[in-house]
Amino acid sequence: MRRPFIAANWKMNTTVDEAVSLVNQMLQELNGFNSVDRVLCPPFISLQAVGNMLKRTEIGLGAQNMYFKEKGAFTGEVSPLMLKDLCGYVILGHSERRQYFAETDALINQKIKAALTAGLIPIFCIGESLEQNEAGKTGDVLSVQVKGGLAGVDADDGIVIAYEPIWAIGTGRAATGIKADSTIGFIRDTLGSIWGKDRADSTRILYGGSVTGANIEEFIKQPQIDGALVGGASLKAAEFVSIVRQTALVKS
Ligand code: PEP
């Protein structure tokens, strides 16, 4: 019912040449798994070059951030209209944006709306810190992030949600499949409270946080988990292909 979805977040890694080389290493194999939605999110500077390489494939392309204004005096920012010509997706609300660039739920909400208006599909990230997790506040935190980020957003817009516990990102300390599944079930219930059960049931929710070729199966076999947002492991061609291959096998 929900098509599996695997996205690669390369973060602030790869020059244009390195990005092209990485795509070259994975393209042929990646192209074979059309039962999985695959999206590569390189740095802005490589969107055009990577986009050219993906042209005759069904592999999607995404940016890692954007500002919510269409244009104007916002030095250093990139607008939804600029991205729309280059890619179909945009990661918004990543914990690194929240942590290092002080992005709030209200700002992320403006970005999500602007992305949708421009025809971009947001990959909307949420997740709790270790302290919040240990204090038993995960549900409260996620509920505030979901409701704040999606205020006034229509259920039909095709948005993809990524649950990424901050303590699991880049740490090698992934959540367990069972725990991630139950938290994602909670997120789906929260979506149901704002969009209704049917829309919540058709929304794709990914897990992210130290996903590798060695642990993807544990996540992807869970009923609530529709795929993964992959950081570090997506910079290794063979490992990213393995993550997509296993997803195609488990979810088919
Ligand atoms: C991410 O950056 O979204 C992420 C999940 O990173 P990693 O896979 O490296 O933990």
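# Helix packing and loop residues

Reader: Where does T203 lie?
Author: Happy to start there, with the reminder that this is a predicted model. Helix α9 covers residues 197–202 and strand β7 covers 205–208. T203 lies in the loop between α9 and β7.

Reader: Does T203 count as buried or exposed?
Author: The cut-off for buried is under 20% relative accessible area. T203 has 5% relative accessibility, so it counts as buried.

Reader: Which residues is T203 in contact with, leaving aside its neighbours within four places in sequence?
Author: Contact here means heavy atoms within 4.5 Å. With those sequence neighbours left aside, the partners of T203 are R2, I159, I161, R188, L191, W195 and D226.

Reader: Let's turn to helix α2. Which of its residues are buried?
Author: Good choice! Helix α2 runs over residues 47–54. Its buried residues are L47, V50, G51, M53 and L54.

Reader: Within what arc do the buried residues of α2 fall, seen down its axis?
Author: An α-helix has 3.6 residues a turn, so residues three or four places apart point the same way. In α2 the buried residues line one face of the helix, because, seen down the axis, they fall within an arc of 160°.

Reader: What do the buried residues of α2 pack against?
Author: The partners include two strands, β2 (37–41) and β3 (60–63). Helices also take part. They are α1 and α3 (80–84).

Reader: How do the axes of α1 and α2 cross, and is α1 roughly parallel or roughly antiparallel to α2?
Author: The axes of these two helices come within 9 Å and cross at roughly 20°. Angles under 35 degrees count as roughly parallel. The angle therefore makes α1, relative to α2, roughly parallel.

Reader: Which residues make the contact of α1 and α2?
Author: The crossing of this pair is right-handed. On the α1 side, the contact is made by V16, A19, V20, V23, N24 and L27. On the α2 side, it is made by A49, V50, M53 and L54.

Reader: How do the residues of the contact of α1 with α2 divide into nonpolar, polar and charged?
Author: Among the residues in this contact is N24 of α1. By class, the contact has nine nonpolar, one polar and no charged.

Reader: Helix α1 also packs with α11. At what angle do they pack?
Author: Helix α1 spans residues 16–30 and helix α11 spans residues 237–251. Their axes are 9 Å apart. The packing angle is about 25°.

Reader: Is α1 roughly parallel or roughly antiparallel to α11?
Author: The pair packs at an angle of about 25°. That angle is why α1 and α11 are classed as roughly parallel.

Reader: What is the crossing of α1 and α11, left-handed or right-handed, and which residues make the contact?
Author: The crossing is right-handed. From α1, L22, Q25, M26, E29 and L30 take part. From α11 come A237, F240, V241, V244 and R245.

Reader: How do the residues of the contact of α1 with α11 divide by class?
Author: Charged residues do appear here, two of them. The full division is seven nonpolar, one polar and two charged.

Reader: And how does α5 lie with respect to α7, roughly parallel or oblique?
Author: Helix α5 covers residues 105–118 and helix α7 covers residues 138–149. Their axes come within 8 Å and cross at roughly 40°. The crossing angle therefore makes α5, relative to α7, oblique.

Reader: What classes of residue does the contact of α5 with α7 have?
Author: The crossing of this pair is right-handed. D105, N109 and I112 in α5 meet V144, Q145, G148 and G149 in α7. The classes are two nonpolar, four polar and one charged.

Reader: Where is the place of R56, and is R56 exposed or buried?
Author: R56 sits in the loop between α2 and β3. R56 is 25 residues from N31 in sequence, with 9.7 Å between their C-alpha atoms. Since its relative accessible area is 81%, R56 is exposed.

Reader: What is the relative accessibility of S193?
Author: S193 belongs to helix α8, residues 177–195. Its C-alpha atom is 9.6 Å from that of K147, 46 residues away along the chain. S193 counts as exposed because its relative accessibility is 53%.

Reader: One last point: what is the phi of A102?
Author: A102 is in the loop between α4 (95–100) and α5, and A102 is exposed, with a relative accessible area of 59%. Its phi is positive, in a residue other than glycine, and near 50°.

Note on methods
Residues are numbered from 1 along each chain as its sequence is written. This is a predicted model: local features need pLDDT of at least 70, side-chain atom pairs count only at pLDDT 80 or more; totals for chains, interfaces and linings use all residues. Side-chain values use heavy atoms; hydrogens and water are left out. Axes are lines fitted to C-alpha atoms, for helices over the stretch in contact, and angles run from 0 to 180 degrees between N-to-C directions. Helices (H or I, at least four residues) and strands (E, at least two) are DSSP runs, numbered from the N terminus. Angles under 35 degrees count as roughly parallel, over 145 as roughly antiparallel, 65 to 115 as roughly perpendicular and the rest as oblique. A crossing is left-handed if the near helix is turned anticlockwise from the far one by less than a right angle, and right-handed if clockwise. Ala, Val, Leu, Ile, Met, Phe, Trp, Tyr, Cys and Pro count as nonpolar, Asp, Glu, Lys and Arg as charged, and the others, Gly among them, as polar. Buried means under 20% relative accessible area, exposed over 50%, partly exposed in between (1.4 Å probe, protein chains only). The arc is that of the directions from the helix axis to the C-beta atoms.
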